[in-house]
Amino acid sequence: MIDCDSIIDKYYGKSSRLRTILTVHSRLVADKALACARARGLDVDLTFVEEAALLHDIGIFLCDAPDICCTGTLPYICHGVEGRRLLEAEGLPRHALVCERHTGSGLTVDDIVRQGLPLPHRDMTPQTLEEKLVCYADKFYSKSGDIRAEKSFDRVVKSIARHGEEAEARFMNLHQQVGII
């Protein structure tokens, strides 16, 4: 198992509010992803799922999101791509892909182009079961407000549906493959 805390230490102060937001959120996502995998009896690498969930938002500090104490300069949508860059530099290419592929219900090239997102034009939808587990579990927890409260399934679906029918269909597909209620 990799030492996720030491990686987080490189980018986040030991006692910053942002680190607390990141680590609480990521632990909840990891626990939900692991619970889904176990409840479904999925043949996945549980250690990798936990590590990837703990690191999936590593790039948020580079983004401008003051409501969650992020004081970077990039648009928040870039946190996954930036997380990929950071984790690739750490020699963790599989973990890096989870960072890039967890946003929303995943982003297609068409989504990126149609919405004019400041992202590379490549498929950023979760491909492996491990990626799907983290992407799915992430939707149930926010990094603002009561960060420990789990969102209801209906609230998650409503939130995803704001991004269009295709995003909602991708989320429902994730739910069918890896989700539990």
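This is a short tutorial dialogue on reading a predicted model.

User: Let's start with the backbone. What is the phi of Cys69, and where does Cys69 lie?

Analyst: General idea to begin with: most residues other than glycine have a negative phi. In this predicted model, Cys69 has a positive phi, near 70 degrees, and it is not a glycine. You'll find Cys69 in the loop that runs between strand 1 (64-65) and strand 2 (70-71). Its relative accessibility is 33%, so Cys69 counts as partly exposed.

User: Which residue with a positive phi follows helix 4?

Analyst: That's Gly91, with a phi near 80 degrees.

User: While we're at helix 4, how many of its residues are buried?

Analyst: A residue is called buried when its relative accessible area is under 20%. Helix 4 covers residues 79-89, and eight of its 11 residues are buried, so the helix is largely enclosed by the rest of the structure. The buried ones are His79, Gly80, Val81, Glu82, Gly83, Arg84, Leu86 and Leu87.

User: And which helices do those buried residues of helix 4 pack against?

Analyst: Helix 1 (4-11), helix 3 (46-55) and helix 5 (93-101).

User: Now a single loop residue. Is Asp57 buried or exposed?

Analyst: Buried: Asp57 has 0% relative accessibility. Asp57 sits in the loop between helix 3 and strand 1. Leaving aside residues up to four places away in sequence, Asp57 touches Tyr12, Leu22, His25, His79, His102, Asp138 and Lys143. Take Leu22 from that list: it is 35 residues from Asp57 along the chain, yet their C-alpha atoms are separated by 7.1 Å.

User: Which side chain makes a polar contact with that of Asp57?

Analyst: The His79 side chain does, at 3.0 Å. His79 is also one of the buried residues of helix 4, which ties this loop back to the helix we just looked at.

User: On to charges. How many salt bridges does the structure hold?

Analyst: The idea is that side chains of opposite charge can pair when their charged atoms come close. This structure holds 17 salt bridges. One of them joins the side chains of Lys14 and Asp9, at 2.9 Å from N to O. At 66% relative accessibility, Lys14 is exposed, whereas Asp9 is partly exposed at 28%.

User: What about a pair within one helix: where do Arg27 and Asp31 lie?

Analyst: First the geometry: an α-helix has 3.6 residues a turn, so residues three or four places apart point the same way. Arg27 and Asp31 are both in helix 2 (residues 17-40), four residues apart, or about one turn of the helix. Their side chains meet in a salt bridge of 3.0 Å, N to O. Both ends are partly exposed: Arg27 has a relative accessibility of 30%, and Asp31 has 40%.

User: Which residues are linked in a network of salt bridges?

Analyst: Asp110, Asp111, Arg114, Glu166 and Arg170.

User: Which residue forms a salt bridge with Asp138?

Analyst: Lys139, with the closest N and O atoms 3.4 Å apart. Here the partners are out of the solvent: Asp138 is buried, with a relative accessible area of 9%, and Lys139 is buried too, at 10%. Asp138 is also among the residues that Asp57 touches.

User: Where is Lys139, and what does it touch?

Analyst: Lys139 is in the loop between helix 7 (129-138) and helix 8 (153-161). A polar atom of the Lys139 side chain lies 2.8 Å from the backbone oxygen of Cys135. Not counting residues up to four places away in sequence, Lys139 touches His102, Gly104, Lys151, Val156, Ile160 and Phe171.

User: Last feature, the largest pocket. Which residues lie nearest its centre?

Analyst: Tyr76, Gly104, Lys139, Ser159 and His163, out of 33 lining residues. So Lys139, buried at 10%, turns up again here. The space in this largest pocket is about 820 Å³.

User: Which helices supply its lining, and how do the lining residues divide by type?

Analyst: Helix 6 (109-114), helix 8 and helix 9 (165-178) each supply at least two residues to the lining of the largest pocket. Helix 8 gives the largest share, four residues. By type, the lining has nine nonpolar, 12 polar and 12 charged residues.

Conventions. Residues numbered from 1 in each chain as written. Heavy atoms only, no water. Buried < 20%, exposed > 50% of the residue type's maximum accessible area, 1.4 Å probe, protein only. Contact = heavy atoms within 4.5 Å. Polar contact = N/O pair within 3.5 Å; in protein donor to acceptor, adjacent residues only side chain to side chain. Salt bridge = Lys/Arg side-chain N within 4 Å of Asp/Glu carboxyl O. 1 Å grid on protein atoms, 1.4 Å probe; cavity = no way out; pocket = protein on both sides within 12 Å on 5 of 7 lines; lining within 4 Å. Points joined across faces, edges and corners; volume = space filled by probe spheres on them. Nonpolar A, V, L, I, M, F, W, Y, C, P; charged D, E, K, R; others polar.
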